[in-house]
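Me: I'd like to go through this structure step by step. Can we do it as questions and answers?

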Amino acid sequence: MVTEKTIREILSEVKDPEIPVLSLEDMGIIRDITISSPTEIIVTITPTYSGCPAMDTIADDIESALMEAGFSPTVKTTLDPPWTTDWMSEEGRKKLEDYGIAPPQKGSHNKRSLFGKAPEVRCPHCKSMNTAMLSQFGSTPCKSLYKCQDCFEPFDYFKCI
Amino acid sequence: MAQASEKYVLRLADNILILGQRLGEWCGHGPVLEQDIALTNIALDLIGQSRMLYQYAAEIRNDGSTEDDLAMKRDVFDYYNCLLVEQPNGDWGKTIVRQFFFDTYHYYLQEFLVNSSDQRLSEIARKSFKEVAYHAQYSAEWVIRLGDGTEESHQRVQSSVNDLWTFTGELFTPDELDREMQEQGIGPDLDVIAANWNKKVNEILEIATLQIPEETFMQSGGKQGEHGEYLGFILAELQFMQRAYPDMKW
């Protein structure tokens, strides 16, 4: 008997192609798993950023992981409710910081407000809070560029949406 | 349940695809690396948002068309973007002013669409709105930095404000389709969007020590498919592969 747990275990091996330390589970983008027959599985995912080029790759990776395990998968996407960085797991946040990317702050200020102070972010390298934002937009749509004023290392901050 | 017309969805999508394409022209040419990356990030968000809208428009069309058909196989007169977004990048200041005028409009538009009576448009807006807030903040900050910057930056950005002002009227002038969408609660009352836009733009231009242009003639026609010369060149580049090798796949 195939259970959702079995499927989740297979999917826990599928990583975000741009941040390979995070699994799809850590990212919180798997919204639903439907087992419609012993081999047919429907996985519903939700996009992170609208323009994130990793989403198509993620859908392909889910399909191939499940096919390798002998299932015939269908990947669907849903927009509602929209993904938010608040769904990232605690474990995912820790893995991100260890990887050198400052994790998104939980329950941050109103994400739709027009103006606001740049969030205070901890340097993932030396853990100093003495950091400054260099640019709201970083190496991928989900990141801002920061620098640490103590260890002088630049780093990415996974910005909140 | 309310459903937007295909043409209305295409207007929303075309605006951000064309602006995304324009911003993409900066790739590798930005004044500094961080700003080059910022503009192309914004372009990526906008093109991503346009894909969700083209997918929806293709479903409404319901003749087997795909998002790619809509983006790649329509010519100038079937594109419904506003004239503002097709204006050339010019210098950095002009790109920023165009972005600021559009982002501010886009922000208040999304704010409405989040509660649109068209459920799908509402879902797409809930996804897009948080991204658009970042864009609007970015371009407003740059208008302030340039306007209240050096004599040279002030003069350049003021002349861009003056040049682009004539393309802002179209955003807030409703036609029959806009009114129809408003009546069904699908689209906003453009007078309300205009009031919000004017308030924010006035506020930012004042901080930036820039003058608001006097009442001027407003250009129109883009959202009905009547464009300036620029759109043809944009599409020639955007659609090159499909025109040269019809139906080719990557």
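Me: Let's start with a loop. Where in chain A is A:Pro81 found?
Reply: Keep in mind that this is a predicted model. A cis peptide bond joins A:Asp80 and A:Pro81, with omega at about -5°. As for its place in the chain, A:Pro81 sits in the loop between E3 and helix H4 (90-99) of chain A.

Me: E3 belongs to a sheet, I guess. In what order do the three strands of that open sheet in chain A come?
Reply: Look at the edges to begin with: strand E1 (30-35) and strand E3 (72-77) of chain A each pair on one side only. Neighbouring strands here are turned by 20° against each other on average, ignoring direction. The pairing is mixed, and the order is E1-E2-E3.

Me: How many residues lie between E1(A) and E2(A) in their hairpin?
Reply: E1(A) and strand E2 (residues 40-45) of chain A run antiparallel, and five bridges join them. Two of the partnerships can be picked out: A:Asp32 goes with A:Thr44, and A:Ile33 goes with A:Val43. The two strands form a hairpin, and the number of residues between them is four.

Me: Which helix of chain A packs on this sheet by touching E2 and E3?
Reply: There are two helices to look at. Helix H1 (residues 4-11) of chain A lies across E1 and E2, running at about 130° to E1(A). The helix that touches E2 and E3 has a direction making about 160° with that of E3(A), and it is helix H3 (residues 54-68).

Me: Now the other sheet of chain A, with four strands. Why is one side of E4 and one side of E5 left without a neighbour in the sheet?
Reply: The open sheet has the order E4-E7-E6-E5, with mixed pairing. Strand E4 (101-102) and strand E5 (131-135) therefore stand at the edges, and what leaves one side of each free is having a single partner strand.

Me: And which residue in E7(A) is the bridge partner of A:Ile101?
Reply: E4(A) pairs with strand E7 (residues 154-158) of chain A in the parallel sense, over two bridges. In E7(A), the partner of A:Ile101 is A:Asp156.

Me: Over to chain B. How many helices and strands are there in chain B?
Reply: Follow chain B from the N terminus, and its elements run α-α-α-α-α-α-α-α-α-α-α-α. That adds up to zero strands, and the number of helices is twelve.

Me: What is the radius of gyration of chain B, and why does it count as being as compact as a globular protein of that length?
Reply: The C-alpha trace of chain B spans about 55 × 40 × 30 Å along its principal axes. For 250 residues the globule rule gives 18 Å, and chain B comes close to that, so it is as compact as a globular protein of that length. The radius of gyration of chain B is 18 Å.

Me: Are H2(B) and H6(B) roughly parallel or roughly antiparallel?
Reply: The axes of helix H2 (residues 33-61) and helix H6 (residues 119-147) of chain B come within 11 Å and cross at roughly 165°. Angles over 145 degrees count as roughly antiparallel. That makes the pair H2(B) and H6(B) roughly antiparallel.

Me: How many nonpolar residues does the contact of H2(B) with H6(B) have?
Reply: Residues of H2(B) including B:Ile42, B:Met52 and B:Leu53 meet residues of H6(B), among them B:Ile124 and B:Tyr138. The crossing is left-handed. By class, the contact has three polar and three charged residues, and the nonpolar count is seven.

Me: Is the crossing of H5(B) and H7(B) left-handed or right-handed?
Reply: Helix H5 (residues 92-113) and helix H7 (residues 151-164) of chain B pack at an angle of about 50°, with axes 9 Å apart. H5(B) and H7(B) are therefore oblique to each other. B:Val97 and B:Phe101 are among the H5(B) residues that meet H7(B) residues such as B:Val157 and B:Leu164. The crossing is right-handed.

Me: Which loop is B:Asn62 found in?
Reply: B:Asn62 has a positive phi of about 55°, although it is not a glycine. Its place in chain B is the loop between H2 and helix H3 (67-72).

Me: Last one: how many residues of chain B are in contact with chain A?
Reply: On the chain A side, 20 residues take part. By class, that side has eleven nonpolar, six polar and three charged residues. The number in chain B is 25.

Note on methods:
Residues are numbered from 1 along each chain as its sequence is written. Chains are lettered from A and ligands numbered from 1 in the order in which they are written. This is a predicted model: local features need pLDDT of at least 70, side-chain atom pairs count only at pLDDT 80 or more; totals for chains, interfaces and linings use all residues. Axes are lines fitted to C-alpha atoms, for helices over the stretch in contact, and angles run from 0 to 180 degrees between N-to-C directions. Angles under 35 degrees count as roughly parallel, over 145 as roughly antiparallel, 65 to 115 as roughly perpendicular and the rest as oblique. A crossing is left-handed if the near helix is turned anticlockwise from the far one by less than a right angle, and right-handed if clockwise. Two residues are in contact if their C-beta atoms, placed from the backbone, lie within 7 Å. Ala, Val, Leu, Ile, Met, Phe, Trp, Tyr, Cys and Pro count as nonpolar, Asp, Glu, Lys and Arg as charged, and the others, Gly among them, as polar. Two strands pair if DSSP finds at least two bridges between them. The radius of gyration is taken over C-alpha atoms; the globule rule is 2.2 Å times the number of residues to the power 0.38.
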